[in-house]
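Student: Could you take one part of this model and walk me through it slowly? I'd like to see how a strand sits among its neighbors.

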Amino acid sequence: MKKRGILIIHGFIGSPDEVSILSNYLQEKGYLVSVPRLLGHGSDKDLLYKVKAADWIKEVEKAYLELADTCDSIFVIGFSMGGLLAAHLHDYGISGLVTVNTPVYYWNVKQMIYNLFSDYRNYSSKYLNSGKGKPLNAMIQFQKLLSLTKPIFSRLNCYSLVLQTADDDTVLPISSDYIFSKIKGKKRLVKIAEGGHQIFQSDSAQEACMIIERYFDDFIS
């Protein structure tokens, strides 16, 4: 008997660890979960100097097809940049799509200023170090991926959930409004008040996991 599969795609300069709370949660609910590590992320960071956006797209396509061999239905969850990559699977007949804090417009300066006033020591260090480990080529490829993906959102016509934290300091929350306005089909937009960009490493992680699980339950029922 084939299983219900979920492909989770992590974010830019991230790793499967940043979404491990979500992946573990969904595995415990009986889903077959795949969380591939994107090229240049993790132990092979030297590849970030030469990796292309097309390489990341090919990787998620390969991971999807591998999951499709053993699953009847597949949902795709993209966290941050992973949501951009998830959109490129629109022609594969995915059962559903979830984007979480996915960028269209980034750097929420207003939220960054608020964070600095509320906790200067921690956030000043975070923002000063934000460019470390991000080669210029990788930044260019991220921007290229974003440019390639924006027109694709309007081609999406599947059961979709757009999830966004209101206090995201990396992605402007209006990004979720843009994505939601472009995609077609049965869709839902949910905004969570707190959780920052790394929602699955915040106190709102459990809430986000439950929202995503309920979305899957609605589809199945």
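Tutor: Sure, let's start with a pairing: S3 and S4 run parallel, joined by five bridges. Keep in mind that this is a predicted model. Within that pairing, Ile-77 of S3 sits opposite Val-98 in S4. The link between the two strands goes through helix H3 (residues 81-87), and S3, H3 and S4 form a right-handed β-α-β unit. S3 itself covers residues 71-79, and eight of its nine residues are buried. S3 also pairs with S1 (residues 3-9), again in the parallel sense, over seven bridges; there, Leu-7 has Val-76 of S3 as its bridge partner.

Now move across to S4 (residues 96-100), which runs parallel to S5 with five bridges joining them. Look for Val-100, which stands opposite Leu-163 in S5. S5 (residues 159-165) is worth a pause: seven of its seven residues are buried. In a regular strand, side chains alternate between the two faces of the sheet. In S5 both faces are covered, with Tyr-159, Leu-161, Leu-163 and Thr-165 buried on one side, and Ser-160, Val-162 and Gln-164 buried on the other.

From S5, carry on to S6 (residues 187-192): these two strands pair in the parallel sense over six bridges. Thr-165 has Ile-192 in S6 as its bridge partner. Here, too, a helix takes part: S5, H7 (residues 174-182) and S6 make a right-handed β-α-β unit.

How values were computed: Residues numbered from 1 in each chain as written. Predicted model: local features only at pLDDT ≥ 70, side-chain atom pairs only at ≥ 80, totals over all residues. Heavy atoms only, no water. Buried < 20%, exposed > 50% of the residue type's maximum accessible area, 1.4 Å probe, protein only. Helix = DSSP H or I, 4+ residues; strand = E, 2+ residues; numbered from the N terminus. Pairing = 2+ DSSP bridges. Right-handed = clockwise from strand over helix to strand, strands pointing away.
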